[in-house]
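Biologist: Before we use any technical words for this protein chain, could you show it to me and explain each word as we go along?

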Amino acid sequence: MKKILVVDDSALMRRVLCDIINSDKRFQVQDRAVNGVEALDLLSRKTYDAVVLDVNMPQMNGLELLKELNKRKITAKVMMASTDTREGAKTTLDALELGALDFVHKPNNAMDCRTDVFKDKLLGILAAVADSNPAPAGKAFSIEDAKKSRKVVELVSRHASAVAGNKVVALASSTGGPKALQSVIPRLPKNLKAPVVVVQHMPAGFTASLAERLDSLSEVRVKEAAEGDVLEAGTVYIARGGKHLNIRTEMGRYSIYYTDQPTREGVKPCANYMYESLRDSRYDQVVCVVMTGMGADGTEGIKHLKEKKKIHVIAQEASTCAVYGMPKSVVTAGLSNQIVPLDQIAQEIIMNVGVK
């Protein structure tokens, strides 16, 4: 049984969260804390399988606690549960950068927390976080890190200028993805010879903030993909949360279009649709990248894509994944051409698609 720490300043909300967690035989709430100070004291002395953490609390809030854990090099597997997370996409991304693995939007009133939809969401994310590889405590990726990492990229790029062909990069990620993407996208050079399309499992309202943050760290242009966007080399397109991203081929040009089909693999956007939409494209090769995340999204789509297109599949290596679900599924299906650690994914993308 997994031991859980719940941190929330509302007595009613603590009670509701604890009831939901204890109702699942996989988990048991071991301790409760009313703010970051109490939580820090507990985390200094005890180990938990997962921490459910509120953002807004007196004395020490959730973000301050995450910073303190990093400073003291205390490892904890944290998921955010906060009413802030919907409007406060920036706050959520800050939390993910500081080491939280995932988040759930907590309804404003406790009654709405008792719905099956919220309960299932909370328990699903908690299970992934509890089973994840603990992220090493440390600082968030910065512009300075991006500059340093580009030195490696420049060396790789010199060898990549001879790569021929019209290609596209299609990347899928989920739990642990927002932080992992900061180790990939800022390492791509602006003269990359291919467009990059990314499906990161996130709800509506968060993907625009994710794109802005990655854009601020990167040489390549990063944007939330809009309906009708024509794919251009050296640009990264992040799928909008809550819709399925597809790529349409018309008159030798490739453009983004969204569909509102039901969730698939339990997610929306789903990478399977992105991969399948490339089956009829005229790209010489699709470079598929599958990164950290729970479940198996991407595998079925890549399988279908391979029936009609030349593909090259890069899977993230297990020990560098927060959750080794999606890459494992691709590897187990025998679809991967390369299995590489997170900090080498960018250079493998560059070697495969080339630079102008």
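Modeller: Helices (H or I, at least four residues) and strands (E, at least two) are DSSP runs, numbered from the N terminus, and by that reading there are 14 helices and 14 strands in the chain. This is a predicted model, in which local features need pLDDT of at least 70 and side-chain atom pairs count only at pLDDT 80 or more, while totals for chains, interfaces and linings use all residues. Residues are numbered from 1 along each chain as its sequence is written, and side-chain values use heavy atoms, with hydrogens and water left out.

Biologist: What makes the chain as compact as a globular protein of that length?

Modeller: The radius of gyration is taken over C-alpha atoms, and the globule rule is 2.2 Å times the number of residues to the power 0.38. For 356 residues the rule gives 21 Å, and the chain has 20 Å, which is close to it, so the chain is as compact as a globular protein of that length.

Biologist: Why are E2 and strand E5 (102-105) said to stand at the edges?

Modeller: Two strands pair if DSSP finds at least two bridges between them. The open sheet of 5 strands has the order E2-E1-E3-E4-E5, with parallel pairing, and E2 and E5 each have a single partner strand, so one side of each is left without a neighbour in the sheet.

Biologist: How do you know that E3 and strand E4 (residues 78-82) pair?

Modeller: They are joined over 3 bridges in the parallel sense, which satisfies the requirement of at least two bridges. Within this pair, Leu-53 stands opposite Met-80 in E4.

Biologist: What makes strand E8 (221-224) and strand E14 (338-340) edge strands?

Modeller: In the other open sheet, 7 strands follow the order E8-E9-E7-E6-E12-E13-E14 with parallel pairing, and E8 and E14 each pair on one side only.

Biologist: Which residues of helix H1 (residues 11-22) are called buried, and what does the word require?

Modeller: Buried means under 20% relative accessible area, exposed over 50%, and partly exposed in between (1.4 Å probe, protein chains only). In H1, the residues Met-13, Arg-14, Val-16, Leu-17, Cys-18, Ile-20 and Ile-21 are buried. Of the 356 residues of the chain, 59% count as buried.

Biologist: What do the buried residues of H1 pack against?

Modeller: With contact meaning heavy atoms within 4.5 Å, the buried residues of H1 pack against several elements, including strand E1 (2-7), strand E3 (50-53) and helix H7 (116-130).
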